[in-house]
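I opened a fresh page for this chain. My notes follow the order in which I looked things up.

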Amino acid sequence: MLTADIPPNQTIYIKNLNEKIKKEELKRSLYALFSQYGRILDVVALKTPKLRGQAWVVFDELTSASNAFRQMQNFPFYDKPMRIQYAKTKSDCIAKNDGSFVPREKKKKQEEKAERKRRAEEAQQSAMPNGTGSQNNSGPKAPLHHGNLNAEQAAPNNILFIQNLPHETTSMMLQLLFEQYPGFREVRMVEAKPGIAFVEYEDEEQSSTAMQNLQGFKIAPQYPMAITFAKK
């Protein structure tokens with residue numbers, strides 16, 4: 001048992017990750033995969049020799065971490081089964097939230113500067129007409145009106161049209177999300193147009209289920225997915 005002597009906490013430790021994946025892609029993919037279980041505060045992945053193939057995902061709530069731990073154990077992630085356990089120590093961001101954090105002096109100024117920048121960005125985002133800063137991934141949300149989205153709704157069918165994706169989104173990241181729902185066939189990215197993709201299922205009932213569950217899901221904090229049926 002991996003966690004026999006480690007009490008549950010809000011941070012899960014993941015090992016046996018594919019070491020060939022670049023750090024930023026790994027962090028984005030982990031964020032996309034684990035956000036379904038609750039609000040994520042941080043994803044830590046380092047490429048130092050001793051820490052390759054490992055990562056930490058910090059959740060806002062213990063129940064989210066526990067659900068992720070149980071349901072994602074041995075999940076095939078980039079062709080390798082993930083090994084998950086609870087982290088041995090409390091993460092810095094959790095310690096900050098409960099008031100037990102003692103800052104490292106040489107990082108203190110950098111952290112304060114980053115925090116001010118983050119708050120300014122959040123304030124700016126929440127002030128926008130379509131601001132989604134206060135939303136999380138806890139349930140279905142209305143799609144973000146982006147470009148000509150919903151100008152003419154297509155009839156329900158087995159192919160979904162995904163918009164408002166971060167430009168760095170990969171087909172593997174989308175596959176990890178959409179293959180959780182029955183009937184998944186494939187993801188098709190549009191190289192000439194970053195930010196959009198098509199996801200195909202076996203029938204329209206299965207595509208509808210995926211749409212309902214992932215509508216508004218954020219691969220990155222400021223990019224809620226907008227999902228419609230593709231036009232045929």
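I count a residue as buried when its relative accessible area is under 20%, and as exposed when that area is over 50%. The model is a predicted one, and I kept that in mind throughout.

**Entry 1, the whole chain.** I took the overall figures before any detail. By the cut-off above, 43% of the 232 residues of the chain are buried. I find six helices and 10 strands. The accessible surface comes to about 13500 Å², and carbon and sulfur atoms hold 49% of it. I also looked at contacts between residues at least 6 apart in sequence: 66% of them join residues at least 24 apart.

**Entry 2, the core.** Which residues touch the most other members of the largest nonpolar core? I noted Ile12, Phe34, Met82, Phe178 and Met225, in a core of 51 residues. Helix H1 (residues 23–34) gives the largest share of this core, six residues. Domain 1 (11–98) and domain 2 (159–229) each supply at least three residues to this core. As background, nonpolar side chains in soluble globular proteins tend to be buried together.

I then looked up Phe34 by itself. Leaving out residues up to four places away in sequence, I list its contacts as Ile12, Ile14, Ile40, Val57, Phe59, Ala68, Met72, Met82 and Ile84.

**Entry 3, a sheet of four strands.** I followed the strands across and wrote down the order S2-S3-S1-S6; the sheet is open and its pairing is antiparallel. Strand S2 (40–44) and S6 are the edge strands, each pairing on one side only. On average, neighbouring strands in this sheet are turned by 20 degrees against each other, direction ignored. H1 packs on the sheet and touches S1, S2, S3 and S6, with its direction at about 145 degrees to that of S2.

I went back to the S2 edge. S2 and S3 run antiparallel and are joined by four bridges. Val43 stands opposite Val57 of S3. Val57 is also among the contacts of Phe34.

**Entry 4, helix H2.** This helix spans residues 62–72, and its buried residues are Ser64, Ala65, Ser66, Ala68, Phe69 and Met72. What covers them? I found that the cover includes strand S1 (11–15), H1, strand S3 (55–59) and strand S6 (83–86). H2 lies across S1, S3 and S6, and runs at about 150 degrees to S6. Two of its buried residues, Ala68 and Met72, are also touched by Phe34. Just after H2, I noted that Asn74 has a positive phi of about 70 degrees.

**Entry 5, strand S7.** I turned to residues 159–163, where five of the five residues in S7 are buried. Which way do the residues of S7 point? Ile159, Phe161 and Gln163 point one way, Leu160 and Ile162 the other way, and all are buried. In a regular strand, side chains alternate between the two faces of the sheet.

I looked up the pairing of S7 last. S7 is joined to strand S9 (residues 197–201) by four bridges, and the two run antiparallel. S7 also pairs with strand S10 (residues 226–229), again in the antiparallel sense and over four bridges. Phe161 has a bridge partner in each of these strands: Phe198 in S9 and Thr228 in S10.

Note on methods. Residues are numbered from 1 along each chain as its sequence is written. This is a predicted model: local features need pLDDT of at least 70, side-chain atom pairs count only at pLDDT 80 or more; totals for chains, interfaces and linings use all residues. Side-chain values use heavy atoms; hydrogens and water are left out. A nonpolar core is a set of buried Ala, Val, Leu, Ile, Met, Phe, Trp, Tyr and Cys residues joined through side-chain atoms within 4.5 Å. Buried means under 20% relative accessible area, exposed over 50%, partly exposed in between (1.4 Å probe, protein chains only). Domain bounds come from an automatic or database domain assignment. Contact means heavy atoms within 4.5 Å. Two strands pair if DSSP finds at least two bridges between them. Axes are lines fitted to C-alpha atoms, for helices over the stretch in contact, and angles run from 0 to 180 degrees between N-to-C directions. Accessible areas come from the Shrake-Rupley method with a 1.4 Å probe; for residues, only the protein chains shown count as cover.
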